Amino acid sequence: MKVDVIKVGDCIENMEALPEGSIDMIFADPPYNLQLEGDLVRPNNSVVDAVNDHWDQFDSFQAYDDFTRRWLRAARRILKDNGTIWVIGSYHNIFRVGTALQDLQYWILNDVIWRKTNPMPNFRGRRFTNAHETLIWASKDKDARYTFNYEAMKALNDDLQMRSDWLIPICNGGERLKNDKGEKAHPTQKPEALLYRAILSATKPGEVVLDPFFGSGTTGAVARKLGRHYIGLEREAEYAKVARKRLEKIRPIADLDLVDTPRKREQPRVPFGWLVERGLLEPGTQLYGPKKRWQAKVRADGTLITSDFKGSIHQVGAHVQGAPACNGWQFWHINVEGSLVPIDILRQKLRATLS
């Protein structure tokens, strides 16, 4: 299967030509079926550059639903058993897409709200300003062992858990691609920051991301920058031309270690006793809880002991606090030149010798 390519033509036909179970992640920005009637005019009588292209127009809701199920069925076939799919939409279509996903046995993991910092105003003043779009993230079934780079998302969010509401501006300024006439190259170009989170969260370097509605190529651009491969499917030759020109300017990253975000649960297991037997901690070493409020000593068998209790680093940590559970790796500290350092530092040091 050839990767890092753009295939021009019908997305369903192109997906049906790909090998079964060959794609790690799909990001889909399908037609929204906006059902616009007439021009949208600003208060100054200028016409809004809205989405009124032929590819976004369907004869009926049934026609749109039939199309949605056809491409989602084709997408499911090529998705790996542990792969995931992202679909973005507005209130015009996302609920219909969600129904189709569940009818086809996909398992919804999250819905993410993309909250726009600079949404288009509601010029007619008859509704709330539409300031968000919804992304659905789903696996093939509820038992799939899908990728979620939790630690990477937490680090990206200043060491706080990444929430399901993402505050990101719409694509504008220098990021907005223009065609040869100086006009918007694509009316629904998505910001790279949005794709960055989706791809970084759900894939690993070297994996393949497919976009069945490639448009101006944002998915491919971000995949390439993050050391992933892409396959773009696009019906409109003009959009494919814009995307190719964009992607030719992006050099794939050479050092994949810079974009690798290994999950803690995938790292080698290191029992606390290994620190003792390999000399990183000596029997009798004093360990401290936060602010030295609690103390315990290391025993030769890798357990800890206090004045009234003996057990694992987790059991003793829970006991001294009167808590039901405790992460002993983060709770217990050693004294290094007058500063308290979590014993997890020693675990990471040992892990580095095992990998």
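Helices, runs of H or I at least four residues long, and strands, runs of E at least two residues long, are taken from DSSP and numbered from the N terminus. The legends below describe close-up views of a predicted model.

**View A. The overall fold of the protein, with its 11 helices and 14 strands.** The radius of gyration is 26 Å, whereas the globule rule gives 20 Å for 355 residues, so the protein is more spread out than a compact globule. The C-alpha trace spans about 80 × 50 × 40 Å along its principal axes. Of the contacts with a separation of 6 or more, 68% join residues 24 or more positions apart. Buried residues make up 45% of the 355 residues of the protein. The exposed surface amounts to about 19,400 Å², with carbon and sulfur atoms supplying 47% of it. The protein holds 51 positive and 45 negative charges, and the mean positions of the two sets are 5 Å apart.

**View B. Helix α11 (residues 344–354) and the elements packed against its buried residues.** The buried residues of this helix are D344, L346, R347, L350 and R351. Seen down the axis of α11, these residues fall within an arc of 150 degrees, so they line one face of the helix. An α-helix has 3.6 residues a turn, so residues three or four places apart point the same way. The buried residues of α11 pack against two helices, α8 (272–277) and α10 (328–331), and two strands, β13 (333–336) and β14 (339–342). On the face turned away from the buried side, α11 carries the exposed residues K349, A352 and T353.

**View C. Helix α3 (residues 94–103) and its buried residues.** I94, V97, G98, A100 and L101 are the residues concerned. They cover an arc of only 165 degrees around the axis, which puts them on the same side of α3. The packing partners of these buried residues are helix α2 (61–78) and the strands β3 (79–89) and β5 (132–139). Just after α3, Q105 takes a positive phi of about 75 degrees.

**View D. R96, a residue of helix α3.** The relative accessible area of R96 is 29%, and R96 therefore counts as partly exposed, a class that lies between the buried limit of under 20% and the exposed limit of over 50%. When residues up to four places away in sequence are not counted, R96 touches F61 and D65. R69 lies 27 residues from R96 in sequence, and their C-alpha atoms are 9.8 Å apart in space.

**View E. V209 in strand β7 (residues 208–211).** With a relative accessible area of 0%, V209 is buried. Residues up to four places away in sequence aside, V209 touches M25, I199, T203, T219, R228, H229, Y230 and I231. P268, by comparison, is 59 residues from V209 in sequence, and the C-alpha to C-alpha distance between the two is 28 Å.

**View F. K310 in strand β12 (residues 310–311).** Neighbours within four places in sequence being left aside, K310 is in contact with R299, T303, L304, I305 and V316. N130 is 180 residues from K310 along the chain, and 59 Å separates the C-alpha atoms of the two residues.

**View G. The loop between β9 (286–288) and β10 (295–298), with K291.** Phi of K291 is near 60 degrees, a positive value in a residue other than glycine. K291 has a relative accessible area of 82% and is therefore exposed, the limit for that class being over 50%.

**View H. The loop between β13 and β14, with E337.** E337 is a residue other than glycine, yet its phi is positive, near 50 degrees. The relative accessibility of E337 is 82%, which places E337 among the exposed residues. The two strands that flank this loop, β13 (333–336) and β14 (339–342), are among the elements against which the buried residues of α11 pack.

Terms used
Residues numbered from 1 in each chain as written. Predicted model: local features only at pLDDT ≥ 70, side-chain atom pairs only at ≥ 80, totals over all residues. Heavy atoms only, no water. Rg over C-alpha atoms; globule rule 2.2 N^0.38 Å. Buried < 20%, exposed > 50% of the residue type's maximum accessible area, 1.4 Å probe, protein only. Contact = heavy atoms within 4.5 Å. Areas by Shrake-Rupley, 256 points an atom, 1.4 Å probe, with all protein chains shown as cover. Lys, Arg positive; Asp, Glu negative; His and termini not counted. Charge placed at Lys NZ, Arg CZ, Asp CG, Glu CD. Arc of directions from axis to C-beta.
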